[in-house]
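Open the model in your viewer and keep the selection panel at hand. Each stop below says what to select and what is there.

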Amino acid sequence: MTSAEAARGLFVTFEGGDGAGKTTQAALLQEWLEASGRSVVRTREPGGTEVGVLVRDIVLHHRGEVAPRAEALLYAADRAHHVETVVRPALARGDVVIQDRYLDSSVAYQGAGRVLGPREVRDLSLWATGGLLPDVTVLLDLDPATARSRLDADDKPFDRLESEKSAFHERVRAEFLALAGAEPERFLVLDASRPVDELATIVRERVAASLAR
Ligand code: TYD
């Protein structure tokens, strides 16, 4: 089922490398939509449900190797449960769902490990979600060195993926940009080094246009 068939609501996802500012922009969009009277569900993957929190703990904090296919299946399992129990019901109510990361993250990150092809990772997620694609995907594009210095400024310890080498993060970035190039209608690509309020304005305009359709 496509997003149009699924619902009257709007499904907006934020994508990009770690440290690109997705959480900040998602929060600003939520604030603006709620101030204008829209009902919003803000959520994330991995970890948007109770089951998802357990999966998140494995994929982000397990010490040692997780086989690439197992890792892809864990993200897909989290996604399947999340879409079925949180995202689709919200869209069916007519809510705006603002989500930190979705299937493009799987394609970019699990694909960037070079073991799995982008196509098979995407197909796995489409199977897991019954084919649900976002209406709008905001890609906050940032060069990995800048992202790294933002993360270093935080005091939080790095998780498994944040600790990957810089070549991995370069491949993740390139894959996100390739995905955006392949679906220009769905993606809004923004230079994440621009000021927060400028980015927020552009995101609002895009979401407002989609809501007006
Ligand atoms: P995120 O929740 O954005 O991390 P944090 O809250 O620590 O900023 O994402 C966690 C990590 O999971 C991130 O490095 C990207 C990775 N990830 C995948 O590898 N595949 C996926 O399908 C998803 C959704 C995330």
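The tour starts at the ligand, moves out to its pocket and ends in two loops.

Before you select anything, note that this is a predicted model: local features need pLDDT of at least 70, side-chain atom pairs count only at pLDDT 80 or more, and totals for chains, interfaces and linings use all residues. Numbering runs from 1 along each chain as its sequence is written, and side-chain values use heavy atoms, with hydrogens and water left out.

**Stop 1: the ligand shell**

Select the ligand and the residues near it (a heavy atom within 4 Å). You should get 16 residues, with Asp18, Arg56, Arg101, Ser106 and Gln110 the closest. Five are nonpolar, three polar and eight charged. In this count Ala, Val, Leu, Ile, Met, Phe, Trp, Tyr, Cys and Pro are nonpolar, Asp, Glu, Lys and Arg are charged, and the others, Gly among them, are polar.

**Stop 2: polar contacts**

Show N or O pairs within 3.5 Å. Start at serine 106: a side-chain N or O atom is 2.5 Å from an oxygen atom of the ligand. Go on to aspartate 18, where the side chain places an N or O atom 2.9 Å from a ligand oxygen. Arginine 56 also has a polar side-chain atom 2.9 Å from an oxygen atom of the ligand.

How much of the ligand's accessible area does the protein cover? On its own the ligand has 560 Å², and the protein covers 90% of that (Shrake-Rupley method, 1.4 Å probe).

**Stop 3: helices around the ligand**

Color helix 3 (50-61), helix 4 (68-93) and helix 5 (103-112): these elements give two or more residues each to the shell. Helix 5 gives the most, with four residues. Helices here are DSSP runs of H or I with at least four residues; strands are runs of E with at least two.

**Stop 4: the largest pocket**

The ligand sits in the largest pocket (more than half of its atoms lie within 2 Å of the grid points). A pocket is an open set of points on a 1 Å grid over the protein atoms alone, with protein on both sides within 12 Å along at least five of seven lines; lining residues have an atom within 4 Å of a point. The space in this pocket is about 900 Å³, the volume filled by probe spheres set on the points. Of the 33 lining residues, select Asp18, Arg56, Arg101, Lys156 and Glu162, the closest to the pocket's centre. The lining has ten nonpolar, nine polar and 14 charged residues.

**Stop 5: two loops**

Select proline 46, in the loop between strand 2 and helix 3. A cis peptide bond joins glutamate 45 to proline 46, with omega about -10 degrees. Finish at arginine 101, in the loop between strand 3 (96-100) and helix 5. Phi of arginine 101 is near 70 degrees, positive in a residue other than glycine.

Note on methods: A polar contact is a pair of N or O atoms within 3.5 Å; within protein, one must be able to donate a hydrogen and the other to accept it, and residues adjacent in sequence count only if both atoms are side-chain atoms. On a 1 Å grid over the protein atoms alone, a cavity is a set of points where a 1.4 Å probe fits but cannot get out, and a pocket is an open set with protein on both sides within 12 Å along at least five of seven lines; lining residues have an atom within 4 Å of a point.
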